[in-house]
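Let us walk through a protein model together. A learner asks, and a teacher answers.

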Amino acid sequence: MALSRRVLAIDPGSRVTGYGIIDVLGQEVRYVDSGCIRLADEEMPLRLMMIHQGITELIRSYRPQEFAIEAIFVHKNPASALKLGQARGVAICAAVLAQLPVAEYAAKSIKQAVVGKGGAEKTQVQHMVKILLNRSGVIQSDAADALAVALTHAHYLQTQRRQQLAGLATAWEQ
C-alpha cells in the first residue's frame, strides 16, 4: 500500500512568498492549493513576522507531513540576498516549530525535476507545473515556483520509496 504524504512547499520572498500544497500517493500527485502570502510595505521585521504567521496558518489548516523550500543561491545584489535569506529562515523556523522535516532543493535541481533541464526559463517551469498538476488558467508566478518545489520533493519521495522497496526485495531474496 502506498503511503500518502502532504507536502507544503515555499518560494520565499521578502515581498511575496509563494506556497504550494500537494498530496503524494505512490506515483500519483494531486494538487491541493497554492497562492501567495503578500506582504505589506512594512519594515523588514514586520514582513518576517507576516511570513511566519502565514506559514504557521498554512501548516495549521492543511496539516502537511513534509516541508520543502528552495535552497539558498548566490544573488547579484547582496542586500536582496540577505532579505531572501531572512525570509527563508523564518519559513524554515515555522516548519521546524511544527516538527516538520525540512527538505531544500537547489534551483537547478528543481528546474531539472520539473522541466528536464536545469537551465529552464521561468515560463517553462510554470507551463510544466500546470501540465503535471492538470491545472488550467493562470497560476501566479511565485505559487508556480512553490509548486515546482513541491513536485521536486514528490519526485524525491517517490524515488526514496522505490529504493526502499528495492532494498526490501533484495533482503527477501537472500
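**Reading the model, feature by feature**

A: Start with R63. R63 is exposed, with a relative accessible area of 61%. Keep in mind that this is a predicted model.

Q: Why does R63 count as exposed?

A: There is a cut-off: exposed means over 50% relative accessible area. R63 has 61%, so R63 is exposed.

Q: Where does R63 lie?

A: R63 sits in the loop between α1 (44-62) and β4 (66-70).

Q: What is the phi of R63?

A: Phi of R63 is near 50°. That is a positive value, and R63 is not a glycine.

Q: What about N134: which sign does its phi have, positive or negative?

A: N134 has a positive phi, about 55°. N134 is not a glycine either. This residue lies in the loop between α4 and α5. Its relative accessibility is 68%, so N134 counts as exposed.

Q: Now the strands. How do β1 and β2 run, parallel or antiparallel?

A: β1 and β2 run antiparallel, joined by 8 bridges. They form a hairpin, with 4 residues between them. Take V7 as an example: its bridge partner in β2 is I22.

Q: In which sense do β1 and β4 pair?

A: β1 and β4 pair in the parallel sense, over 4 bridges. Find L8, then look across: F67 in β4 stands opposite.

Q: Let us go inside. What do nonpolar side chains tend to do?

A: In soluble globular proteins, nonpolar side chains tend to be buried together. Now for the case here. The largest nonpolar core has 25 residues.

Q: Which residues touch the most other members of this core?

A: I22 and V129 do. You have met I22 already, as the bridge partner of V7.

Q: Which elements give two or more residues to this core?

A: They are β1 (4-11), β2 (16-25), β5 (102-105), α3 (107-115), α4 (122-132) and α5 (141-173). α5 gives the most, with 9 residues.

Q: Which residues does V129 touch?

A: Leave out residues up to four places away in sequence. V129 then touches V114, I139, A144, L147, A148 and L151.

Q: How many residues does the other core have?

A: That core has 21 residues and lies apart from the largest one. Among its members are I21, I37, I55 and L100.

How values were computed. Residues numbered from 1 in each chain as written. Predicted model: local features only at pLDDT ≥ 70, side-chain atom pairs only at ≥ 80, totals over all residues. Heavy atoms only, no water. Core = buried A, V, L, I, M, F, W, Y, C linked by side-chain atoms within 4.5 Å. Buried < 20%, exposed > 50% of the residue type's maximum accessible area, 1.4 Å probe, protein only. Contact = heavy atoms within 4.5 Å. Pairing = 2+ DSSP bridges.
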